[in-house]
Amino acid sequence: MLLLVAPAALVLVCFQIIPIFIGMNASFRDWSLVNPAKTWIGLKHYRDVLSDPVFLYTVLPNTFMLMVSSVVLSLASGLGLALLLNKPFFGRPVVRTVILLPLTVAPVITATMIRWSFNDQFGVITNLLSVLGFPEIGWLSDKWPSFSLIILTDVWIWAPWFTIIILAALQGLPREPFEAAQIDASGKWRTFTHITLPMLKPVIIVCVLIRSIDAFRTFDQVWILTGGGPARETEVFSVYAYVEAFVHLDYGKGAAAAGLGALIMLVVGIGLYKLVNRLMEVSR
Amino acid sequence: MAEVILKSVGKAYGSHPVVHDVSLTIADNEFVVLVGPSGCGKSTTLRMVAGLESISSGTIQIGNKVVNDLPPKDRDIAMVFQNYALYQHMTVYDNLAFGLRNRRVDEATIKKEVEHATNILGLAPLLSRKPFQLSGGQQQRVALGRCIVRHPQVFLFDEPLSNLDAKLRAQMRIELKALRERVATTSIYVTHDQVEAMTLGDRVVVMKDGYIQQVGTPLDIYNRPKNRFVASFMGSPAMNFINVDLIEEGGRTRAVAKDLSIAVPERQVASLSGHGNRSVILGIRPEHIHLGAPAEDLGTTFRGELTVTEQLGSELVVGTKVADTLIMASRIAPETELKLHEHAPFWVDPKAIHFFDSKTEAAIR
């Protein structure tokens, strides 16, 4: 039996367990490309990261803001689209396919497309907005506009994911409670809030859980769109760790940041999991 | 409380008709059962009354109102579904109250109505539970409660007992019957179970392929089936059918098949002689075939090889091969000792012989 799991275990050990230990080891050492001595310095990197005002007051709030806003907005738009697509209309198969397209595009490409669309000189959207008479916005040069673009990109990528899963759930819902609600004189909105949503709740909760954990480590969109700029204003956790490790070539500090991130995610994950469990109990 | 009148009601999905020209008047407080095999259009008919299906032709009237174009909520009906259709995330109380809250009834009245319904149904200890914490029978009772609290003009039941196991079904059938006495309301009940049809209905409507086959009291349907389908559908084990030829023999009309010759009862000779075709279908219910010989010669005896026996404890059911047909005889004393493949004598109660046209399958009376 053990022999049967050996190949998978070997891959896991080689590419996950060992690298984690190497990373943890690095986080306790002064380990950089310019200092090959790898001096043991204990928790210094952790102290440095935790006392870094950029990490505490920009990176962490940004990360959670991105996580919450991206998940909430893509859930809302995904749910809306799923409800629309659940009704038969002419051309529904085409619309359904088109809506799924963002999922087939690599996030790097999506982010590049958005960056060019909002380019201050050549951007299609910036030009369109100025033709329409909107005041000029520094889409990629001011904090909030660029942060909004990051969120927009994330929503653009992930809303279809919510759509397909919620649509599948909608189509799997039994018909009878809705018919009973019709007889019970429940209006459209009340049916949605009192019947549809509670019935979708288990699926929505699982989606939110998976997406939240995933959103915590968002990297591509941020790196391509703003690179964490302007002036580290839009930096999120994954960019912070990447910059420390691979731009400043301070592997030790990068590893410490990554380790802290993993810890934070562990705590957030357990919290979310407990919340999900409680909500599931309630919604059953 | 209201009369329900269906006038030439039809339903077609595209060019595919599923219900044809159904006309039926259900009196105030009457309990009518629509029964038939699956796909006979009984549920569709019920759903058209509920407003869950549009009506392709004809009119449906509830009370004095034609309801063809009214949404379900404005028809003043309540419905019990086969799989209960409870709101799984709401407590029993909220399930019962939902319809009233939507109609903006004040909470005090809702509380009173819920209490009234739960007392009738014995649900009081379960009010704070959720449906998934209830047994099938309890869930179905909640579904009934949801109807009772509303005091609708018509109750609609769509195979409400089909999801329950046999024992619970029998128990709920009796409860439904008792409930009828306490909550008198015009009711339409759909089922494929002939026992439910026989026991619950004031009148039974037998349907097949979207057509009404016969409407009548349960006994009427059982004793005077209009055609072979109705005769075979109602009753268990089903009525035996044998293709026979009518011949005159010694001044009596006899129904004759291979291994079988049965004297036609006097009261049926006239209608049969008026019937052109001499080949007809003989129908005899299993309980009217007796083992042994009658006290006096009725001319309805036959012998057959025993091919199957079913011991039910309260009775013995026996199958015998006559005229290449398996004939079932029921209500034989369970202690009777029989050997398979031996030939045994049987006799038929002449008062309970049916004849059907071999082409149209309509009863010959």
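## Exercises on a predicted model of chain A

Over residues 97-118 of chain A, 86% is helix and 0% is strand, with the end C-alpha atoms 26 Å apart. Keep in mind that this is a predicted model.

**Exercise 1.** Find out which residues of chain A UniProt lists under "transmembrane region", and what the structure looks like over residues 255-276.

*Solution.* Start with the record: the unreviewed UniProt entry gives residues 64-85, 97-118, 147-170, 191-213 and 255-276 for "transmembrane region". Next, look at residues 255-276 in the model: this span is 100% helix and 0% strand. Finally, check its ends, where the C-alpha atoms lie 30 Å apart.

**Exercise 2.** Work out how many helices and strands chain A has, and where the strands fall in its pattern.

*Solution.* Begin by counting: chain A holds 12 helices and two strands. Then read along the sequence, where the pattern is α-β-β-α-α-α-α-α-α-α-α-α-α-α. Both strands therefore come right after the opening helix, with helices being runs of H or I and strands runs of E in DSSP.

**Exercise 3.** Decide whether Ile18(A) is buried, partly exposed or exposed, and place it in its surroundings.

*Solution.* First locate the residue: Ile18(A) sits in helix H1, residues 2-27 of chain A. Its relative accessibility is 40%, so Ile18(A) counts as partly exposed, since that class lies between the 20% and 50% cut-offs. Now turn to its partners: together with Leu12(A), Val13(A), Ile17(A), Phe21(A) and Ile22(A), Ile18(A) makes a nonpolar surface patch of about 530 Å².

**Exercise 4.** Describe chain A as a whole by its burial and its surface.

*Solution.* Of its 284 residues, 41% count as buried. The accessible surface comes to about 15600 Å², and carbon and sulfur atoms make up 73% of that.

Technical notes. Residues numbered from 1 in each chain as written. Chains lettered and ligands numbered in written order. Predicted model: local features only at pLDDT ≥ 70, side-chain atom pairs only at ≥ 80, totals over all residues. Heavy atoms only, no water. Patch = residues over 30% accessible without salt bridge, like charges linked within 9 Å, V, L, I, M, F, W, Y side chains within 5 Å. Areas by Shrake-Rupley, 256 points an atom, 1.4 Å probe, with all protein chains shown as cover. Salt bridge = Lys/Arg side-chain N within 4 Å of Asp/Glu carboxyl O. Helix = DSSP H or I, 4+ residues; strand = E, 2+ residues; numbered from the N terminus. Buried < 20%, exposed > 50% of the residue type's maximum accessible area, 1.4 Å probe, protein only. UniProt positions renumbered as here; feature names shortened; annotations may be inferred.
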